[in-house]
Amino acid sequence: MAEFINAYNKMIHNEGGYVNHKVQGDRGGQTYAGIARAFHQDWQGWQLIDNNDLSSNQLTRLVIEFYQEKFWDRLKASEIKNQKIAESIFDFSVNAGVRTAVKLTQLVVGANPDGIIGANTLAKLNRTEEELFIPKYALAKVARYTKIVKRDRSQSKFLLGWLNRTLKAIS
């Protein structure tokens, strides 16, 4: 079964450290390790960051707990047999949201795209070969990113980063 800490260690390289830039069209704003204050105002780590305690072991622990609870556990990723498949879904869920990542997963494996990981989705996912899933999932992500940019041109500045992240996941 897939292991969280391995997936976390790969994902966190995509998320970076502390960022507080004002890029037009960026909905996240102030972030730490990919955790956007605009969307997660109640996260306990903001207290440490506000006190300029960025090197705290407690802050690292809070980041790890956040990603495990909000993403990995909601994906039931520990029940996925293939580590690389679990990592791909987990990383995309951090970037696009759990529901979106699950719906794309379900489309790729031929399950009902309801955005909820259940027994049927897990069974189909665990029967899917990595060599088939990873490239199909990457194509589904690229199609989604293209749709976002077509719908909202202000998001085009993020397209290259999204595509690079997608390509990194298939290598």
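Leaving aside neighbours within four places in sequence, which residues is Val-102 in contact with? In this predicted model, the residues that Val-102 touches under that condition are Leu-75, Gly-115, Ile-116 and Ile-117. The briefing below begins with Val-102 and other buried positions, and then turns to the nonpolar core, the salt bridges, a pocket and two backbone angles. The structure holds three salt bridges, and its largest nonpolar core has 49 residues.

**Buried positions in helices α5 and α6**

- Val-102 belongs to helix α5 and is buried, its relative accessible area being 1%.
- The C-alpha atoms of Val-102 and Tyr-67 lie 16 Å apart in space, and the two residues are separated by 35 residues in sequence.
- Thr-121 sits in helix α6, which spans residues 119–127.
- With a relative accessible area of 5%, Thr-121 is buried; the cut-off for this class is under 20%.
- Beyond its neighbours within four places in sequence, Thr-121 is in contact with Gln-106, Ala-111 and Ile-116.
- Ile-116 is thus a contact of Thr-121 and is also one of the contacts of Val-102.

**The largest nonpolar core**

- In soluble globular proteins, nonpolar side chains tend to be buried together.
- Within the 49-residue core of this model, the residues with the most contacts are Trp-43, Val-63, Tyr-67, Ile-89, Phe-90 and Phe-133.
- Two or more residues of this core come from each of α1, α2, α3, α4, α5 (98–109), α6 and α7 (130–151).
- Helix α3 makes the largest contribution to the core, giving eight residues.
- When neighbours within four places in sequence are set aside, Ile-89 is in contact with Leu-75, Ile-80, Ala-101, Thr-105, Leu-125, Phe-133 and Tyr-137.
- Leu-75 is one of these contacts of Ile-89, and Leu-75 is likewise in contact with Val-102.
- Phe-133, a contact of Ile-89, is named with Ile-89 among the residues that have the most contacts inside the core.

**Salt bridges**

- Lys-10 and Glu-87 form a salt bridge in which the closest N and O atoms are 3.0 Å apart.
- This pair links distant parts of the chain, 77 residues apart: Lys-10 is in helix α1 (residues 4–15) and Glu-87 is in helix α4 (residues 83–96).
- Glu-87 counts as buried, because its relative accessibility is 12% and the limit is under 20%.
- A further salt bridge joins the side chains of Asp-50 and Arg-37, with an N to O distance of 2.7 Å.
- Asp-50 is in helix α2 (residues 45–50) and Arg-37 is in the loop between β3 (35–36) and α2, so this salt bridge ties together parts that are 13 residues apart in sequence.
- Arg-37 is partly exposed, at a relative accessible area of 23%.
- The side chains of Arg-61 and Glu-65 also meet in a salt bridge, at 2.9 Å from N to O.
- Both Arg-61 and Glu-65 lie in helix α3 (residues 57–75), where a spacing of four residues is about one turn of the helix.
- Arg-61 is partly exposed, with a relative accessible area of 38%, and Glu-65 is partly exposed with a value of 38%.

**The second largest pocket**

- The volume of the second largest pocket is about 250 Å³.
- This pocket is lined by 13 residues, of which Lys-10, Asn-14, Glu-87, Lys-168 and Ala-169 are the closest to its centre.
- Helices α1, α4 and α8 (159–170) each give two or more residues to the lining.
- The largest share of the lining, five residues, comes from α1.
- By character, the lining residues comprise three nonpolar, four polar and six charged.
- Lys-10 and Glu-87, which are among the lining residues closest to the centre, are partners in a salt bridge.

**Positive phi angles outside glycine**

- Asn-52, a residue other than glycine, has a positive phi near 60 degrees.
- Asn-52 is placed in the loop between α2 and α3 and counts as exposed, at 63% relative accessibility.
- Lys-76 is not a glycine, yet it has a positive phi of about 55 degrees.
- The position of Lys-76 is in the loop between α3 and α4, and at 35% relative accessibility Lys-76 counts as partly exposed.

Terms used:
Residues are numbered from 1 along each chain as its sequence is written. This is a predicted model: local features need pLDDT of at least 70, side-chain atom pairs count only at pLDDT 80 or more; totals for chains, interfaces and linings use all residues. Side-chain values use heavy atoms; hydrogens and water are left out. Buried means under 20% relative accessible area, exposed over 50%, partly exposed in between (1.4 Å probe, protein chains only). Contact means heavy atoms within 4.5 Å. A salt bridge is a side-chain nitrogen of Lys or Arg within 4 Å of a carboxyl oxygen of Asp or Glu. A nonpolar core is a set of buried Ala, Val, Leu, Ile, Met, Phe, Trp, Tyr and Cys residues joined through side-chain atoms within 4.5 Å. On a 1 Å grid over the protein atoms alone, a cavity is a set of points where a 1.4 Å probe fits but cannot get out, and a pocket is an open set with protein on both sides within 12 Å along at least five of seven lines; lining residues have an atom within 4 Å of a point. Grid points are joined across faces, edges and corners, and a volume is the space filled by probe spheres set on the points. Ala, Val, Leu, Ile, Met, Phe, Trp, Tyr, Cys and Pro count as nonpolar, Asp, Glu, Lys and Arg as charged, and the others, Gly among them, as polar.
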